Amino acid sequence: MARKALKLASWTSMALAASGIYFYSNKYLDPNDFGAVRVGRAVATTAVISYDYLTSLKSVPYGSEEYLQLRSKVHLRSARRLCELCCANRGTFIKVGQHLGALDYLLPEEYTSTLKVLHSQAPQSSMQEIRQVIREDLGKEIHDLFQSFDDTPLGTASLAQVHKAVLHDGRTVAVKVQHPKVRAQSSKDILLMEVLVLAVKQLFPEFEFMWLVDEAKKNLPLELDFLNEGRNAEKVSQMLRHFDFLKDLEIRNNAANYLPQISHLLNHVPRQMLLILKTNDLLRGIEAALGTRASASSFLNMSRCCIRALAEHKKKNTCSFFRRTQISFSEAFNLWQINLHELILRVKGLKLADRVLALICWLFPAPL
């Protein structure tokens, strides 16, 4: 009886293994598509990283040289684990990982330098998957839509890849094809990230990255809506149609030559300055959307905060009463200049000059 049970178990195991190999080789079954696998991998990685921080730095005096060196090693180990998680779960995870790799002004260098590789390690869908996506979305085969379609993509990103193709009327086009399953997995991945961030927040109260999850919840559905992206591209094309210099071949051919110099320059800009510049861009966008750009109130308030913070920093680093007094006067003068500039902007906003001119014209009308 035991021999029969063992034989039955062996045959069952062989059948399951053979089925798994068959489905996996034919792309019908991918372990990364299973929710349990993706969740388990993310939970395990988060747990290992949290445990590493809790135990590795526990017995070392905070702020000491040993603490800083050890913390750097923990940062590097954790960044590598996070990068491996993003590469394994793909899709939304790679997108968020790329965003983290660009936060030079917020994250430790160990994280940004490690996660930046995700920009060049985006997954590539096979032509079988590309054909399936086009068939499902457009209801036609590739040869029905295009005269030719290059198998090798021009570029691959976290959510999609681009192929060069030629339409039947002879026009050359770029075809952006979304990776399969990304849309279906995105909402679940974001929910998973939200739960994990909240869990880490309980262990490390100073961990403030819920805003990143909120940004992903808001922006990812828009990025996955290629029809919306197409409409935006058409709007930009209309807005810039009068700027002929943007179509200049000389600019397009030489712009890429300056990218290494730009990257080199940005790598030497202090993180605090990058934060100020990026915050300024964000505030300008908000003010433009609200129609309050003329007053520049948000930018002026940020400038006041920077002046006060810089003055406070200088005062803490000097013991001279004369020097502290000099710093205070300089702070007051700079704040006065901002107040004066704000007053000028408000006067312009009221169009006072136009009203005075209209009054003069009314009092002294021109002879007929």
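Reader: Why are Arg171 and Asp169 called exposed?
Author: Exposed means over 50% relative accessible area, buried under 20% and partly exposed in between, with a 1.4 Å probe and protein chains only. Both Arg171 and Asp169 are exposed, so each lies over that 50% mark. Bear in mind that this is a predicted model, where local features need pLDDT of at least 70, side-chain atom pairs need pLDDT 80 or more, and totals for chains, interfaces and linings use all residues. Residues are numbered from 1 along each chain as its sequence is written, and side-chain values use heavy atoms, leaving out hydrogens and water.

Reader: What makes the contact of Arg171 and Asp169 a salt bridge?
Author: The term asks for a side-chain nitrogen of Lys or Arg within 4 Å of a carboxyl oxygen of Asp or Glu. Here N and O are 2.8 Å apart, so the pair qualifies. Side chains of opposite charge can pair when their charged atoms come close.

Reader: How do you know that Asp52 and Arg77 form a salt bridge, and which parts does the pair tie together?
Author: Their closest N and O atoms are 2.8 Å apart, so they meet the cut-off too. Asp52 belongs to helix α2 and Arg77 to helix α3, so the bridge ties together parts 25 residues apart in sequence. Helices here are DSSP runs (H or I, at least four residues), numbered from the N terminus. Asp52 has a relative accessible area of 7%, so it is buried, whereas Arg77, at 32%, is partly exposed. Arg81 joins Asp52 and Arg77 in a network of salt bridges.

Reader: Why does the pair Lys218 and Glu215 count as a salt bridge?
Author: Their closest N and O atoms are 3.6 Å apart, so this pair also falls within the limit. Both residues lie in helix α9, 3 residues apart, about one turn of the helix. Glu215 is partly exposed at 32% relative accessibility. The whole structure holds 11 salt bridges.

Reader: What makes Phe333 and Trp336 a stacked pair?
Author: Aromatic rings of Phe, Tyr and Trp (its six-membered ring) pair if their centres lie within 6.5 Å, and planes under 30 degrees apart count as stacked. This pair has 6.0 Å centre to centre and 25° between the planes, so both conditions are met. About one helical turn separates the two residues, because they are 3 residues apart in helix α15 (residues 321-350). Phe333 is partly exposed, at 47%.

Reader: How do you know that the charged end of Lys176 sits over the ring of Phe226?
Author: NZ of Lys or CZ of Arg must be within 6 Å of the ring centre and within 35 degrees of the ring normal. Lys176 is 4.9 Å from the centre of the Phe226 ring, so the distance fits.

Conventions. Phe/Tyr/Trp six-rings, centres within 6.5 Å; stacked < 30°, edge-to-face > 60°.
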